[in-house]
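Visitor: I would like to learn how to read a model like this one, feature by feature. Where shall we begin?

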Amino acid sequence: MPTYFEKKQLVTPGELLAEGDYLAGNNTYAEDNKIYAQRIGLADLDNKKVNVVALRSFYFPKVGDVVIGTVLEVGFSGWTVDIKAPYTALLRASDVLSRPFKPQNDELSQVLNGGDLIVAKIASYDRAHDPQLTVGEPGLGKITRGQIIKVTPSKIPRVIGRKGSMISMIKQETGCQIILGLNGVILVTGKNPEDEELAMSAIQKIEEESHTSGLTDRITHFLKEEKTKREENKNE
Amino acid sequence: MNEKPEKLINKKGLRLDGRKPDELRPVKIEVGILSNADGSAYIEHGKNKILAAAFGPREMHPKHLSLPDRMVLRCRYHMAPFSVEERKSPAPSRREIELSKVIRESLEPSVFVEYYPRTGVDIFIEVLQADGGTRCASITAASLALADAGIPMRDLVVACAAGKVDDTVVLDLFDTEDKVGSADVPLALMPNLNAVTLLQMDGILKPEEFEKAVNLAIEGCQKIYALQKEALKTKYMLIEQEEEVEE
(Lines give C-alpha, C1' and ligand atoms only; values in the text may rest on other atoms or scores of the structure.)
Protein backbone atom coordinates (compact mmCIF):
# COMPACT_ATOMS: atom_id res chain seq x y z
CA MET A 1 0.00 0.00 0.00
CA PRO A 2 2.41 2.70 -1.06
CA THR A 3 1.75 6.39 -1.53
CA TYR A 4 3.55 8.14 -4.34
CA PHE A 5 3.85 11.66 -3.00
CA GLU A 6 5.50 13.68 -0.27
CA LYS A 7 3.51 15.99 1.97
CA LYS A 8 2.44 19.13 0.11
CA GLN A 9 3.88 17.94 -3.17
CA LEU A 10 2.61 19.69 -6.28
CA VAL A 11 0.56 17.23 -8.32
CA THR A 12 -1.11 17.47 -11.73
CA PRO A 13 -4.45 15.97 -12.84
CA GLY A 14 -4.15 12.22 -13.41
CA GLU A 15 -1.10 11.78 -11.24
CA LEU A 16 -1.11 8.48 -9.33
CA LEU A 17 -1.17 9.33 -5.62
CA ALA A 18 -1.66 6.05 -3.77
CA GLU A 19 -2.38 2.39 -4.28
CA GLY A 20 -4.33 0.00 -2.08
CA ASP A 21 -6.23 0.67 1.12
CA TYR A 22 -6.74 4.43 0.83
CA LEU A 23 -9.77 6.69 0.51
CA ALA A 24 -10.23 9.34 -2.17
CA GLY A 25 -10.70 12.74 -0.51
CA ASN A 26 -11.02 16.22 -1.99
CA ASN A 27 -10.06 16.64 -5.64
CA THR A 28 -9.06 13.02 -6.07
CA TYR A 29 -10.75 9.94 -7.48
CA ALA A 30 -10.38 6.19 -7.11
CA GLU A 31 -10.20 3.66 -9.89
CA ASP A 32 -9.04 0.03 -9.65
CA ASN A 33 -7.94 0.54 -6.04
CA LYS A 34 -5.72 3.41 -7.08
CA ILE A 35 -6.08 7.07 -6.13
CA TYR A 36 -5.44 9.76 -8.74
CA ALA A 37 -5.49 13.58 -8.58
CA GLN A 38 -8.30 15.50 -10.28
CA ARG A 39 -6.89 18.99 -10.18
CA ILE A 40 -3.56 20.72 -9.94
CA GLY A 41 -2.80 21.22 -6.27
CA LEU A 42 -0.87 20.15 -3.21
CA ALA A 43 -1.31 16.54 -2.09
CA ASP A 44 -1.82 15.66 1.56
CA LEU A 45 -2.52 12.49 3.52
CA ASP A 46 -5.05 12.66 6.35
CA ASN A 47 -5.18 9.27 8.08
CA LYS A 48 -6.19 6.99 5.18
CA LYS A 49 -7.68 9.80 3.15
CA VAL A 50 -5.76 11.34 0.26
CA ASN A 51 -6.62 15.01 -0.32
CA VAL A 52 -5.47 17.54 -2.87
CA VAL A 53 -5.70 21.23 -1.96
CA ALA A 54 -6.62 22.70 -5.35
CA LEU A 55 -4.63 25.67 -6.60
CA ARG A 56 -7.21 26.27 -9.31
CA SER A 57 -10.95 25.86 -8.79
CA PHE A 58 -14.23 27.74 -9.03
CA TYR A 59 -17.19 28.28 -6.70
CA PHE A 60 -19.77 25.52 -6.67
CA PRO A 61 -23.01 26.14 -4.71
CA LYS A 62 -23.69 24.25 -1.49
CA VAL A 63 -26.78 24.52 0.72
CA GLY A 64 -26.15 26.83 3.68
CA ASP A 65 -23.35 28.85 2.09
CA VAL A 66 -23.50 32.62 2.51
CA VAL A 67 -22.76 34.31 -0.80
CA ILE A 68 -22.74 37.83 -2.21
CA GLY A 69 -24.48 38.20 -5.55
CA THR A 70 -25.56 40.77 -8.12
CA VAL A 71 -29.21 41.01 -9.18
CA LEU A 72 -29.34 40.31 -12.91
CA GLU A 73 -33.00 40.57 -13.75
CA VAL A 74 -36.35 41.35 -12.17
CA GLY A 75 -38.82 38.59 -13.02
CA PHE A 76 -42.53 38.03 -12.46
CA SER A 77 -42.29 36.54 -9.01
CA GLY A 78 -38.66 37.05 -8.07
CA TRP A 79 -35.15 37.90 -9.20
CA THR A 80 -32.30 36.10 -10.90
CA VAL A 81 -28.98 36.61 -9.15
CA ASP A 82 -25.42 36.14 -10.39
CA ILE A 83 -23.45 34.37 -7.64
CA LYS A 84 -20.29 33.69 -9.70
CA ALA A 85 -21.09 29.98 -9.93
CA PRO A 86 -21.84 27.79 -12.96
CA TYR A 87 -25.53 28.46 -12.32
CA THR A 88 -27.54 31.66 -11.80
CA ALA A 89 -29.49 31.68 -8.55
CA LEU A 90 -33.14 32.52 -7.95
CA LEU A 91 -34.53 34.70 -5.19
CA ARG A 92 -38.26 34.51 -4.67
CA ALA A 93 -40.33 37.63 -4.00
CA SER A 94 -42.27 36.07 -1.12
CA ASP A 95 -38.97 35.37 0.63
CA VAL A 96 -37.92 39.02 0.53
CA LEU A 97 -41.29 40.53 1.35
CA SER A 98 -41.94 38.06 4.19
CA ARG A 99 -45.62 38.06 3.33
CA PRO A 100 -47.61 36.57 0.44
CA PHE A 101 -46.62 38.21 -2.81
CA LYS A 102 -49.40 39.79 -4.87
CA PRO A 103 -48.38 41.07 -8.32
CA GLN A 104 -51.06 43.77 -8.24
CA ASN A 105 -49.80 45.31 -4.97
CA ASP A 106 -46.05 44.96 -5.18
CA GLU A 107 -43.64 46.39 -7.69
CA LEU A 108 -40.59 44.12 -7.48
CA SER A 109 -38.12 46.56 -9.05
CA GLN A 110 -38.73 48.93 -6.13
CA VAL A 111 -37.50 46.32 -3.69
CA LEU A 112 -34.48 45.10 -5.62
CA ASN A 113 -33.40 46.25 -9.05
CA GLY A 114 -30.89 45.01 -11.59
CA GLY A 115 -27.34 45.69 -10.44
CA ASP A 116 -28.18 45.68 -6.73
CA LEU A 117 -25.88 43.64 -4.52
CA ILE A 118 -27.28 41.25 -1.94
CA VAL A 119 -25.96 39.04 0.82
CA ALA A 120 -27.90 35.78 0.74
CA LYS A 121 -27.81 32.21 1.89
CA ILE A 122 -28.28 29.25 -0.43
CA ALA A 123 -31.58 27.71 0.66
CA SER A 124 -31.69 24.79 -1.73
CA TYR A 125 -29.68 23.37 -4.56
CA ASP A 126 -29.51 20.03 -6.31
CA ARG A 127 -28.33 18.71 -9.66
CA ALA A 128 -31.71 19.23 -11.32
CA HIS A 129 -32.54 22.74 -10.10
CA ASP A 130 -30.80 26.09 -9.99
CA PRO A 131 -29.82 27.28 -6.51
CA GLN A 132 -32.50 29.17 -4.55
CA LEU A 133 -31.48 31.98 -2.25
CA THR A 134 -32.99 33.26 0.96
CA VAL A 135 -32.52 36.57 2.76
CA GLY A 136 -34.79 35.74 5.68
CA GLU A 137 -32.08 35.68 8.33
CA PRO A 138 -30.34 38.45 10.28
CA GLY A 139 -27.41 39.95 8.42
CA LEU A 140 -28.74 39.00 4.99
CA GLY A 141 -30.36 41.27 2.43
CA LYS A 142 -29.60 44.21 0.20
CA ILE A 143 -26.21 45.87 0.52
CA THR A 144 -26.59 49.61 0.99
CA ARG A 145 -23.06 50.73 1.84
CA GLY A 146 -19.49 49.50 1.88
CA GLN A 147 -17.05 48.25 -0.70
CA ILE A 148 -16.68 44.97 -2.58
CA ILE A 149 -13.48 43.03 -3.20
CA LYS A 150 -13.24 39.81 -5.18
CA VAL A 151 -10.81 36.97 -4.46
CA THR A 152 -10.40 33.42 -5.76
CA PRO A 153 -13.03 31.27 -3.96
CA SER A 154 -10.43 28.71 -2.88
CA LYS A 155 -8.66 31.42 -0.87
CA ILE A 156 -11.61 32.30 1.36
CA PRO A 157 -10.49 29.84 4.10
CA ARG A 158 -7.17 31.68 4.21
CA VAL A 159 -8.94 35.02 4.74
CA ILE A 160 -10.88 33.47 7.63
CA GLY A 161 -7.72 32.03 9.18
CA ARG A 162 -7.41 29.30 11.78
CA LYS A 163 -10.62 29.39 13.86
CA GLY A 164 -11.34 32.84 12.43
CA SER A 165 -8.13 34.38 13.76
CA MET A 166 -7.29 36.31 10.61
CA ILE A 167 -10.70 37.83 9.95
CA SER A 168 -11.31 38.87 13.57
CA MET A 169 -7.86 40.46 13.65
CA ILE A 170 -8.59 42.55 10.54
CA LYS A 171 -11.99 43.55 11.93
CA GLN A 172 -10.39 44.65 15.17
CA GLU A 173 -7.50 46.56 13.62
CA THR A 174 -9.57 48.45 11.05
CA GLY A 175 -12.87 48.78 12.86
CA CYS A 176 -14.64 47.49 9.76
CA GLN A 177 -17.44 45.00 9.38
CA ILE A 178 -16.51 42.26 6.93
CA ILE A 179 -18.89 39.79 5.32
CA LEU A 180 -17.29 36.91 3.44
CA GLY A 181 -19.22 35.45 0.54
CA LEU A 182 -18.06 31.88 0.03
CA ASN A 183 -18.23 32.56 -3.71
CA GLY A 184 -15.15 34.78 -3.38
CA VAL A 185 -16.89 38.15 -2.98
CA ILE A 186 -16.12 40.10 0.19
CA LEU A 187 -18.04 43.08 1.55
CA VAL A 188 -16.20 45.61 3.71
CA THR A 189 -18.17 48.27 5.61
CA GLY A 190 -16.45 50.81 7.82
CA LYS A 191 -17.06 54.19 9.41
CA ASN A 192 -15.12 55.94 6.64
CA PRO A 193 -13.64 55.04 3.25
CA GLU A 194 -10.07 55.08 4.62
CA ASP A 195 -10.80 52.24 7.04
CA GLU A 196 -12.36 50.27 4.23
CA GLU A 197 -9.34 50.85 1.99
CA LEU A 198 -7.08 49.60 4.75
CA ALA A 199 -9.08 46.40 5.25
CA MET A 200 -9.22 45.83 1.50
CA SER A 201 -5.48 46.22 1.05
CA ALA A 202 -4.99 43.66 3.83
CA ILE A 203 -7.31 41.18 2.10
CA GLN A 204 -5.51 41.76 -1.18
CA LYS A 205 -2.22 41.02 0.54
CA ILE A 206 -3.66 37.79 1.91
CA GLU A 207 -4.71 36.70 -1.56
CA GLU A 208 -1.29 37.40 -3.00
CA GLU A 209 0.58 35.63 -0.20
CA SER A 210 -2.01 33.03 0.75
CA HIS A 211 0.38 30.10 0.28
CA THR A 212 2.94 31.30 2.84
CA SER A 213 2.85 30.51 6.55
CA GLY A 214 3.02 32.99 9.42
CA LEU A 215 0.64 35.16 7.45
CA THR A 216 -1.52 36.38 10.33
CA ASP A 217 1.48 37.92 12.08
CA ARG A 218 2.63 39.55 8.88
CA ILE A 219 -0.80 41.03 8.18
CA THR A 220 -1.03 42.37 11.74
CA HIS A 221 2.33 44.02 11.28
CA PHE A 222 1.29 45.39 7.88
CA LEU A 223 -1.93 46.90 9.26
CA LYS A 224 -0.18 48.55 12.21
CA GLU A 225 2.47 50.01 9.94
CA GLU A 226 -0.11 51.35 7.50
CA LYS A 227 -2.09 52.89 10.35
CA THR A 228 0.87 54.82 11.76
CA LYS A 229 1.80 55.95 8.23
CA ARG A 230 -1.69 57.33 7.72
CA GLU A 231 -1.67 59.14 11.02
CA GLU A 232 1.61 60.78 10.22
CA ASN A 233 0.14 62.00 6.94
CA LYS A 234 -2.84 63.46 8.77
CA ASN A 235 -0.65 65.34 11.24
CA GLU A 236 1.42 66.99 8.55
CA MET B 1 8.73 25.10 -51.28
CA ASN B 2 5.94 24.08 -53.61
CA GLU B 3 7.91 21.59 -55.66
CA LYS B 4 7.83 18.08 -54.31
CA PRO B 5 11.13 16.81 -52.97
CA GLU B 6 12.09 13.49 -54.51
CA LYS B 7 13.40 11.92 -51.38
CA LEU B 8 12.06 12.53 -47.89
CA ILE B 9 14.81 10.53 -46.22
CA ASN B 10 18.44 10.89 -47.28
CA LYS B 11 21.19 8.24 -47.49
CA LYS B 12 22.19 8.81 -43.88
CA GLY B 13 18.63 7.97 -42.82
CA LEU B 14 17.87 11.55 -41.80
CA ARG B 15 14.70 13.44 -42.68
CA LEU B 16 14.32 16.72 -44.57
CA ASP B 17 14.62 18.78 -41.40
CA GLY B 18 17.59 16.72 -40.19
CA ARG B 19 15.72 14.59 -37.64
CA LYS B 20 16.12 10.86 -37.11
CA PRO B 21 12.99 8.77 -37.88
CA ASP B 22 12.06 8.45 -34.20
CA GLU B 23 12.87 12.01 -33.17
CA LEU B 24 10.35 14.66 -32.07
CA ARG B 25 10.41 18.29 -33.07
CA PRO B 26 11.33 20.71 -30.28
CA VAL B 27 8.30 21.41 -28.05
CA LYS B 28 7.77 24.48 -25.86
CA ILE B 29 4.67 24.86 -23.69
CA GLU B 30 3.42 27.70 -21.49
CA VAL B 31 0.36 27.72 -19.23
CA GLY B 32 -1.93 30.54 -18.06
CA ILE B 33 -0.93 33.29 -20.46
CA LEU B 34 -4.37 34.79 -21.20
CA SER B 35 -5.78 36.74 -18.26
CA ASN B 36 -9.33 37.02 -19.63
CA ALA B 37 -9.79 33.25 -20.03
CA ASP B 38 -10.45 30.93 -17.08
CA GLY B 39 -7.60 28.74 -18.31
CA SER B 40 -5.16 28.96 -21.19
CA ALA B 41 -2.07 27.43 -22.75
CA TYR B 42 0.34 28.13 -25.59
CA ILE B 43 2.32 25.48 -27.44
CA GLU B 44 5.15 25.66 -29.94
CA HIS B 45 5.56 22.27 -31.55
CA GLY B 46 8.27 22.64 -34.19
CA LYS B 47 6.97 25.49 -36.35
CA ASN B 48 3.40 25.09 -35.07
CA LYS B 49 2.26 27.92 -32.84
CA ILE B 50 -1.07 27.38 -31.14
CA LEU B 51 -3.09 29.19 -28.45
CA ALA B 52 -5.81 27.41 -26.47
CA ALA B 53 -8.28 29.02 -24.05
CA ALA B 54 -10.96 27.47 -21.84
CA PHE B 55 -14.01 29.20 -20.32
CA GLY B 56 -16.33 27.76 -17.72
CA PRO B 57 -18.04 25.75 -16.44
CA ARG B 58 -20.77 28.30 -17.04
CA GLU B 59 -24.40 28.39 -18.07
CA MET B 60 -25.01 27.19 -21.61
CA HIS B 61 -26.12 29.68 -24.20
CA PRO B 62 -28.34 28.88 -26.06
CA LYS B 63 -29.96 27.14 -23.12
CA HIS B 64 -31.57 24.30 -25.08
CA LEU B 65 -28.13 22.86 -25.86
CA SER B 66 -27.46 22.06 -22.19
CA LEU B 67 -27.91 18.49 -20.99
CA PRO B 68 -29.80 17.57 -17.79
CA ASP B 69 -27.24 15.04 -16.56
CA ARG B 70 -23.87 16.34 -17.61
CA MET B 71 -21.65 19.20 -18.67
CA VAL B 72 -21.39 20.00 -22.37
CA LEU B 73 -17.96 20.48 -23.89
CA ARG B 74 -17.76 22.80 -26.87
CA CYS B 75 -14.69 23.26 -28.95
CA ARG B 76 -13.67 25.59 -31.74
CA TYR B 77 -10.52 24.91 -33.71
CA HIS B 78 -9.64 27.85 -35.92
CA MET B 79 -6.72 28.65 -38.17
CA ALA B 80 -5.68 32.26 -38.49
CA PRO B 81 -5.64 33.59 -42.08
CA PHE B 82 -1.87 34.06 -41.80
CA SER B 83 -1.16 30.62 -40.34
CA VAL B 84 -0.42 28.97 -43.70
CA GLU B 85 1.58 29.94 -46.78
CA GLU B 86 -1.41 30.93 -48.87
CA ARG B 87 -4.00 33.07 -47.06
CA LYS B 88 -6.73 30.93 -45.54
CA SER B 89 -10.24 32.30 -45.47
CA PRO B 90 -11.14 33.09 -41.84
CA ALA B 91 -14.52 31.39 -42.24
CA PRO B 92 -14.59 27.91 -40.68
CA SER B 93 -13.81 25.35 -43.36
CA ARG B 94 -15.05 21.76 -43.58
CA ARG B 95 -11.70 20.59 -42.20
CA GLU B 96 -11.81 22.96 -39.21
CA ILE B 97 -15.32 21.90 -38.27
CA GLU B 98 -14.26 18.26 -38.37
CA LEU B 99 -11.15 18.92 -36.32
CA SER B 100 -13.20 20.80 -33.72
CA LYS B 101 -15.33 17.70 -33.29
CA VAL B 102 -12.35 15.34 -33.23
CA ILE B 103 -10.53 17.41 -30.60
CA ARG B 104 -13.66 17.71 -28.47
CA GLU B 105 -14.19 13.96 -28.55
CA SER B 106 -10.59 13.25 -27.63
CA LEU B 107 -10.82 15.56 -24.58
CA GLU B 108 -14.26 14.52 -23.38
CA PRO B 109 -13.24 11.19 -21.75
CA SER B 110 -10.70 13.02 -19.58
CA VAL B 111 -13.22 15.43 -18.00
CA PHE B 112 -15.65 14.57 -15.20
CA VAL B 113 -18.62 15.84 -17.21
CA GLU B 114 -21.17 14.22 -14.87
CA TYR B 115 -20.16 16.50 -11.96
CA TYR B 116 -21.66 19.69 -13.35
CA PRO B 117 -25.01 19.03 -15.06
CA ARG B 118 -26.61 21.73 -17.23
CA THR B 119 -23.36 23.64 -17.66
CA GLY B 120 -21.00 24.16 -20.55
CA VAL B 121 -17.28 24.57 -21.06
CA ASP B 122 -15.99 26.33 -24.16
CA ILE B 123 -12.56 25.69 -25.60
CA PHE B 124 -11.12 27.98 -28.23
CA ILE B 125 -8.09 26.89 -30.20
CA GLU B 126 -6.36 29.41 -32.42
CA VAL B 127 -3.64 28.18 -34.78
CA LEU B 128 -1.27 31.10 -35.33
CA GLN B 129 1.18 29.17 -37.46
CA ALA B 130 0.71 25.69 -38.91
CA ASP B 131 3.31 23.15 -39.97
CA GLY B 132 1.66 19.73 -39.86
CA GLY B 133 0.32 17.95 -36.79
CA THR B 134 -1.76 20.86 -35.54
CA ARG B 135 -4.55 18.62 -34.27
CA CYS B 136 -2.15 16.82 -31.96
CA ALA B 137 -0.54 20.00 -30.65
CA SER B 138 -4.02 21.50 -30.20
CA ILE B 139 -5.16 18.58 -28.05
CA THR B 140 -2.07 18.86 -25.85
CA ALA B 141 -2.62 22.60 -25.36
CA ALA B 142 -6.40 22.40 -24.90
CA SER B 143 -6.03 19.77 -22.18
CA LEU B 144 -3.68 22.09 -20.31
CA ALA B 145 -6.12 24.97 -20.68
CA LEU B 146 -8.82 22.81 -19.04
CA ALA B 147 -6.51 21.88 -16.17
CA ASP B 148 -5.59 25.56 -15.74
CA ALA B 149 -9.29 26.47 -15.54
CA GLY B 150 -9.55 24.17 -12.50
CA ILE B 151 -11.88 21.67 -14.15
CA PRO B 152 -11.62 18.21 -12.54
CA MET B 153 -10.00 15.71 -14.90
CA ARG B 154 -9.15 12.02 -14.93
CA ASP B 155 -5.86 12.70 -16.64
CA LEU B 156 -4.17 15.13 -18.97
CA VAL B 157 -4.56 14.28 -22.65
CA VAL B 158 -1.48 14.36 -24.83
CA ALA B 159 -1.31 13.72 -28.56
CA CYS B 160 1.35 12.93 -31.13
CA ALA B 161 1.39 11.58 -34.69
CA ALA B 162 3.42 8.92 -36.45
CA GLY B 163 3.38 7.98 -40.11
CA LYS B 164 5.16 6.58 -43.09
CA VAL B 165 7.43 8.42 -45.52
CA ASP B 166 9.63 6.69 -48.13
CA ASP B 167 8.82 3.24 -46.72
CA THR B 168 10.04 4.22 -43.25
CA VAL B 169 7.82 4.59 -40.19
CA VAL B 170 8.60 7.98 -38.64
CA LEU B 171 7.47 10.00 -35.61
CA ASP B 172 5.87 13.47 -35.62
CA LEU B 173 5.40 14.37 -39.30
CA PHE B 174 5.75 17.98 -40.39
CA ASP B 175 3.88 19.64 -43.24
CA THR B 176 5.83 18.34 -46.28
CA GLU B 177 6.06 14.80 -44.90
CA ASP B 178 2.35 14.89 -44.17
CA LYS B 179 1.50 15.97 -47.73
CA VAL B 180 4.04 13.92 -49.70
CA GLY B 181 4.35 10.93 -47.36
CA SER B 182 2.15 7.87 -47.64
CA ALA B 183 0.44 7.69 -44.24
CA ASP B 184 -0.28 9.70 -41.08
CA VAL B 185 -1.51 8.25 -37.74
CA PRO B 186 -2.46 10.85 -35.10
CA LEU B 187 -2.98 9.43 -31.63
CA ALA B 188 -4.14 10.98 -28.33
CA LEU B 189 -3.38 9.32 -25.02
CA MET B 190 -4.21 9.60 -21.33
CA PRO B 191 -0.78 8.46 -20.13
CA ASN B 192 -1.53 7.52 -16.50
CA LEU B 193 -4.59 5.48 -17.39
CA ASN B 194 -2.93 4.15 -20.54
CA ALA B 195 -6.07 4.90 -22.53
CA VAL B 196 -6.20 6.06 -26.16
CA THR B 197 -8.79 8.79 -26.79
CA LEU B 198 -8.07 9.49 -30.45
CA LEU B 199 -6.74 7.26 -33.20
CA GLN B 200 -7.00 8.19 -36.84
CA MET B 201 -5.26 7.03 -39.99
CA ASP B 202 -4.94 8.73 -43.31
CA GLY B 203 -3.13 6.78 -46.07
CA ILE B 204 -2.19 3.15 -46.48
CA LEU B 205 -0.17 1.05 -44.01
CA LYS B 206 0.48 -2.67 -43.69
CA PRO B 207 -0.79 -4.14 -40.40
CA GLU B 208 2.73 -4.51 -38.99
CA GLU B 209 3.60 -0.94 -40.07
CA PHE B 210 0.44 0.32 -38.41
CA GLU B 211 1.39 -1.39 -35.16
CA LYS B 212 4.86 0.08 -35.34
CA ALA B 213 3.44 3.55 -36.00
CA VAL B 214 1.03 3.32 -33.05
CA ASN B 215 3.80 2.24 -30.69
CA LEU B 216 6.03 5.01 -31.95
CA ALA B 217 3.25 7.58 -31.46
CA ILE B 218 2.67 6.36 -27.89
CA GLU B 219 6.38 6.78 -27.16
CA GLY B 220 6.18 10.31 -28.57
CA CYS B 221 3.15 11.05 -26.39
CA GLN B 222 5.04 9.95 -23.27
CA LYS B 223 7.86 12.35 -24.12
CA ILE B 224 5.48 15.27 -24.71
CA TYR B 225 3.56 14.36 -21.53
CA ALA B 226 6.68 14.99 -19.46
CA LEU B 227 6.95 18.47 -21.00
CA GLN B 228 3.20 19.08 -20.58
CA LYS B 229 3.30 18.23 -16.90
CA GLU B 230 6.40 20.33 -16.43
CA ALA B 231 4.71 23.35 -18.06
CA LEU B 232 1.66 23.06 -15.78
CA LYS B 233 3.83 22.74 -12.70
CA THR B 234 6.11 25.64 -13.66
CA LYS B 235 3.24 28.09 -13.26
CA TYR B 236 2.67 26.95 -9.70
CA MET B 237 6.27 26.05 -8.83
CA LEU B 238 6.91 29.48 -7.35
CA ILE B 239 4.18 28.88 -4.80
CA GLU B 240 5.73 25.58 -3.75
CA GLN B 241 9.21 27.01 -3.43
CA GLU B 242 8.10 29.90 -1.28
CA GLU B 243 6.30 27.50 0.95
CA GLU B 244 9.42 25.42 1.48
CA VAL B 245 11.40 28.52 2.43
CA GLU B 246 8.81 29.54 4.99
CA GLU B 247 8.74 26.27 6.84
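Guide: Begin with a sheet, and keep in mind that the model is predicted. To read a sheet, list its strands in spatial order and then look at the sense of the pairing. In chain A, four strands make an open sheet in the order 1-6-7-3, and the pairing is mixed.

Visitor: Which strands of chain A stand at the edges of that sheet?

Guide: Look for strands with a single partner. Strand 1 (10-11) and strand 3 (23-24) of chain A are in that position, so each has one side without a neighbour in the sheet. Strand 1 of chain A is antiparallel to strand 6 (residues 41-46) of chain A, and two bridges join them. To fix the register, take one pair of residues: Val11(A) is opposite Gly41(A) of strand 6.

Visitor: What is the strand order in the open sheet of three strands in chain A?

Guide: The order is 2-5-4, and the pairing is antiparallel. The edges are strand 2 (16-19) and strand 4 (28-31) of chain A, each of which pairs on one side only. From one strand to the next, the twist averages 25°.

Visitor: How many bridges join strand 4 and strand 5 of chain A?

Guide: Four bridges join strand 4 of chain A to strand 5 (residues 34-37) of chain A, in the antiparallel sense. For the register here, note that Glu31(A) is opposite Lys34(A) of strand 5.

Visitor: Chain B next. What lies between strand 8 and strand 9 of chain B?

Guide: For a hairpin, read the two strands and then the turn. Strand 8 (residues 183-190) and strand 9 (residues 195-199) of chain B are antiparallel over four bridges. The bridge partner of Met190(B) is Ala195(B) in strand 9. Four residues lie between the strands of this hairpin, and in the turn Asn194(B) has a positive phi of about 55°.

Visitor: How should I read a helix, for instance helix 6 of chain A? Is it largely in the open or buried?

Guide: Compare its span with its residue count, then count its buried residues. Helix 6 (residues 215-235) of chain A has 21 residues, which at 1.5 Å a residue should span 30 Å; the end C-alpha atoms are 30 Å apart, so the two agree. Of those 21 residues two are buried, so helix 6 of chain A lies largely in the open.

Visitor: Into which domains is chain A divided?

Guide: There are domain 1 (10-54), domain 2 (66-142) and domain 3 (147-235). For a pair of domains, take the distance between centres and then the contacts. The C-alpha centres of domain 2 and domain 3 of chain A are 28 Å apart, and eight residues of domain 2 contact eight residues of domain 3. On the domain 2 side, strand 8 (66-74) and strand 11 (117-126) of chain A give two or more residues each. Strand 8 of chain A has the largest share, three residues. That side holds seven nonpolar residues, no polar residues and one charged residue.

Visitor: How many residues of chain B are in contact with chain A?

Guide: An interface is read in the same steps: contacts, elements, composition. Here 29 residues of chain B contact 26 residues of chain A. On the chain B side, strand 3 (48-59), helix 2 (134-148) and helix 4 (207-246) each supply at least two residues. Helix 4 of chain B has the largest share, with nine residues. By type, the chain B side comprises 14 nonpolar, three polar and twelve charged residues.

Key: Residues numbered from 1 in each chain as written. Chains lettered and ligands numbered in written order. Predicted model: local features only at pLDDT ≥ 70, side-chain atom pairs only at ≥ 80, totals over all residues. Contact = placed C-beta atoms within 7 Å. Nonpolar A, V, L, I, M, F, W, Y, C, P; charged D, E, K, R; others polar. Domains from an automatic or database assignment. Pairing = 2+ DSSP bridges. Axes fitted to C-alpha atoms, helices over the stretch in contact; angles between N-to-C directions. Expected span 1.5 Å × (residues − 1). Buried ≥ 20, exposed ≤ 12 C-beta atoms within 10 Å, placed from the backbone.
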